[in-house]
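Q: Please take a close look at the helical part of this chain, and at how its helices pack on one another.

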Amino acid sequence: MVTSVVAQEEPIPWSPDRKLQWSDFKGTHFKTEWAAATTASGISYSFSSYEKEGQWYLDLLVTCEFYPDKSWYQPELCDSAILGHEQLHFDISEFFARKMRQRLSKSKFTKNVKAEVRSIYKEVLKELSYFQNKYDHETNFSRNPEKQNEWNKRIAKALLETDSGYNVN
């Protein structure tokens, strides 16, 4: 019996100092795919909780990551403008990770903390999906430079105005 293990690229955590490069896109595109590139990024969380005097507290970590093996591009169709568009998808995911941290920091939890955190997570993912689709629609997938520039400024401002703290207590 032969067992093969496919090495997977480690996810790339979001950082203001590290921008995506085409070499980060390791996935293969589908021949029928109409897009020039796809950025797979997402939000994940882990936490532990404890109760003290009837109040529940969380030690929480919310992260935003880019998944190289699920992200791809067609080199013959892509340029720096499209890479910028894809970077902004990743930045939008980070913005929603921050929104999740903020919501969790303002929430009061009960003994059902696991379900309550999961509910907030699902709400944030739903909003993120809507926002990503709106971004693609309004910029026509990067083909509208004026709208793309508006979105670049909008998200840069949103990231500056939101706390990037990783721990919520």
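A: What follows goes through the helices pair by pair and then turns to the largest pocket.

This is a predicted model, in which local features need pLDDT of at least 70 and side-chain atom pairs count only at pLDDT 80 or more, whereas totals for chains, interfaces and linings use all residues. Residues are numbered from 1 along each chain as its sequence is written, and side-chain values use heavy atoms, with hydrogens and water left out.

The chain has three helices and six strands, where helices (H or I, at least four residues) and strands (E, at least two) are DSSP runs numbered from the N terminus. From the N terminus on, the order of these elements is β-β-β-β-β-α-α-α-β.

Two packed helices are described by the angle between their axes and the distance between the axes. Here axes are lines fitted to C-alpha atoms, for helices over the stretch in contact, and angles run from 0 to 180 degrees between N-to-C directions.

Helix α1 (residues 80–106) and helix α2 (residues 113–139) have axes that come within 10 Å and cross at roughly 150 degrees. These two helices, α1 and α2, are therefore roughly antiparallel to each other, a label for angles over 145 degrees, while those under 35 count as roughly parallel, 65 to 115 as roughly perpendicular and the rest as oblique. The crossing of α1 past α2 is right-handed; a crossing is right-handed if the near helix is turned clockwise from the far one by less than a right angle, and left-handed if anticlockwise. Contact, meaning heavy atoms within 4.5 Å, involves residues including L88, I92, F96 and M100 of α1 and V117, V124, L128 and F131 of α2. By class, the residues of this contact of α1 with α2 are twelve nonpolar, six polar and five charged, where Ala, Val, Leu, Ile, Met, Phe, Trp, Tyr, Cys and Pro count as nonpolar, Asp, Glu, Lys and Arg as charged, and the others, Gly among them, as polar.

The axes of α2 and helix α3 (residues 145–161) come within 8 Å and cross at roughly 145 degrees, and α2 passes α3 in a right-handed crossing. On the α2 side the contact is made by F131, K134, Y135, E138 and T139, and on the α3 side by K147, Q148, W151, R154 and I155. Four nonpolar, two polar and four charged residues make up this contact of α2 with α3.

The remaining pair, α1 and α3, packs at an angle of about 30 degrees with the axes 10 Å apart, and α1 and α3 are therefore roughly parallel to each other. The crossing of α1 and α3 is left-handed. In α1, H85, L88, D91, I92, E94, F95 and R98 meet Q148, W151, N152, I155, A158 and L159 in α3, a contact with seven nonpolar, three polar and three charged residues.

Turning to the lining residues, α1 gives the most to the lining of the largest pocket, with five residues, and β2 (37–38), α1 and α2 each supply at least two.

Notes: On a 1 Å grid over the protein atoms alone, a cavity is a set of points where a 1.4 Å probe fits but cannot get out, and a pocket is an open set with protein on both sides within 12 Å along at least five of seven lines; lining residues have an atom within 4 Å of a point. Grid points are joined across faces, edges and corners, and a volume is the space filled by probe spheres set on the points.
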